[in-house]
Amino acid sequence: PVFPHLIDAMQTAYPDLKIITVYGSTEAEPIAHIAWDDVRKEDHQAMQSGEGLLVGKAVSVTTVMICESADSNKIGEIAVTGDHVLKGYLNGNGDSESKFIYQDKIWHRTGDMGYLDNQNRLWLVGRKNAVFQISDKQIYPFGIECAVLHHPSVLRCAVMELSSRPLLCLELSDDNLEQVTEDLDQYSFLEFIQLPSIPMDKRHNAKVDYPELKKMLEQL
């Protein structure tokens, strides 16, 4: 993921730079894109409020479907189809979990949860297998992480459920956890934990290594 705080830092360092972010996966690249110049003030506010990460409209060669969603503003799993989208895996391993046929086309389930806004722009809210529930409220970790990363003291963060404990793990630039907790009181339904560092995926330095983080937390 390309988070807003990183783009803002790049734009500050290089004011004339035109930044376009791309959303895709190994099986379907690209899916959507957006020029950062087109991201409006209200879009920034929505991302800071935990409504997800805006990744823009689908590119012309990609058709997007929100699965298990009654209308375009409901959250569901993102599925895609198009000539460039992988139609199947080697020996069919994994096809039953991620491929389905609809209207005579093969669709790929991305494993990402999201929704389309009233401008038909795609917003990401997290991985399907990372979603958990508190009482009757669905928690979409990625949307919260995107919002929390706007805080100037937060270097990295991760939202996860561990042994029925809803956690917000924080790697901070200072030791002022009390102030950060106060600033982020809208997420008081989560247990705040400050860590010296949050492990990142060795292949994708923008992605938290959740299995490694889980091991780390179990040893605390």
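## A tour from Ala35 to the pockets

Select Ala35: apart from neighbours within four places in sequence, Ala35 is in contact with Lys18, Ile19 and Ile20. The model on screen is a predicted one. Ala35 belongs to strand S2, residues 32-35. Its relative accessible area is 12%, and since buried means under 20%, Ala35 counts as buried. For a distance check, pick the C-alpha atoms of Ala35 and Asp112: they are 21 Å apart, with the two positions 77 residues apart along the chain.

**Helix H2**

Next, select Asp43, which is found in helix H2. Is Asp43 buried or exposed? Its relative accessibility is 2%, so Asp43 counts as buried. Show the residues around Asp43: leaving aside neighbours within four places in sequence, its contacts are Asp38, Leu54, Arg121 and Trp123.

**Helix H1**

Now select residues 4-13, which form helix H1, and colour Pro4, Ile7 and Gln11, the buried residues of this helix. Look down the axis of H1: the buried residues fall within an arc of 60 degrees, so they line one face of the helix. An α-helix has 3.6 residues a turn, so residues three or four places apart point the same way. Rotate to the face of H1 turned away from the buried side, and the exposed residues there are Thr12 and Ala13.

Which elements do the buried residues of H1 pack against? Add strand S1 (20-23), helix H2 (41-48), strand S3 (53-58) and helix H4 (141-148) to the selection; these are the packing partners.

**Strands S4, S5 and S7**

Move to strand S5, residues 76-81. This strand is mostly covered, with 6 of its 6 residues buried. Display strand S4 (residues 63-67) beside S5: the two pair in the antiparallel sense over 5 bridges. One place to inspect is Met65, whose bridge partner in S5 is Ala79. Then bring in S7, which pairs with S5 in the antiparallel sense over 4 bridges. Ala79 has a bridge partner in S7 too, namely Arg109.

**The largest pocket**

Turn on a pocket display. The largest pocket holds about 1400 Å³ of space. To centre the view, select Pro1, Asp112, Arg127, Phe142 and Lys207, which lie nearest the centre of the pocket among its 47 lining residues. The elements giving two or more residues to this lining are H1, S1, S3, helix H3 (95-98), strand S7 (105-116), strand S8 (122-127), H4 and strand S11 (154-162). Which element gives the largest share of the lining? The answer is S7, with 6 residues. Colour the lining by class and it divides into 23 nonpolar, 13 polar and 11 charged residues.

**The second largest pocket**

For the last stop, select Gly50, Lys137, Gln138, Tyr140 and Ile144, which lie nearest the centre of the second largest pocket; its lining has 15 residues. Strand S10 (137-139) and H4 are the elements that give two or more residues to this lining. S10 gives the most, with 3 residues. The space in the second largest pocket is about 200 Å³. By class, its lining comprises 8 nonpolar, 5 polar and 2 charged residues.

Note on methods. Residues are numbered from 1 along each chain as its sequence is written. This is a predicted model: local features need pLDDT of at least 70, side-chain atom pairs count only at pLDDT 80 or more; totals for chains, interfaces and linings use all residues. Side-chain values use heavy atoms; hydrogens and water are left out. Buried means under 20% relative accessible area, exposed over 50%, partly exposed in between (1.4 Å probe, protein chains only). The arc is that of the directions from the helix axis to the C-beta atoms. Contact means heavy atoms within 4.5 Å. On a 1 Å grid over the protein atoms alone, a cavity is a set of points where a 1.4 Å probe fits but cannot get out, and a pocket is an open set with protein on both sides within 12 Å along at least five of seven lines; lining residues have an atom within 4 Å of a point. Grid points are joined across faces, edges and corners, and a volume is the space filled by probe spheres set on the points. Ala, Val, Leu, Ile, Met, Phe, Trp, Tyr, Cys and Pro count as nonpolar, Asp, Glu, Lys and Arg as charged, and the others, Gly among them, as polar. Two strands pair if DSSP finds at least two bridges between them.
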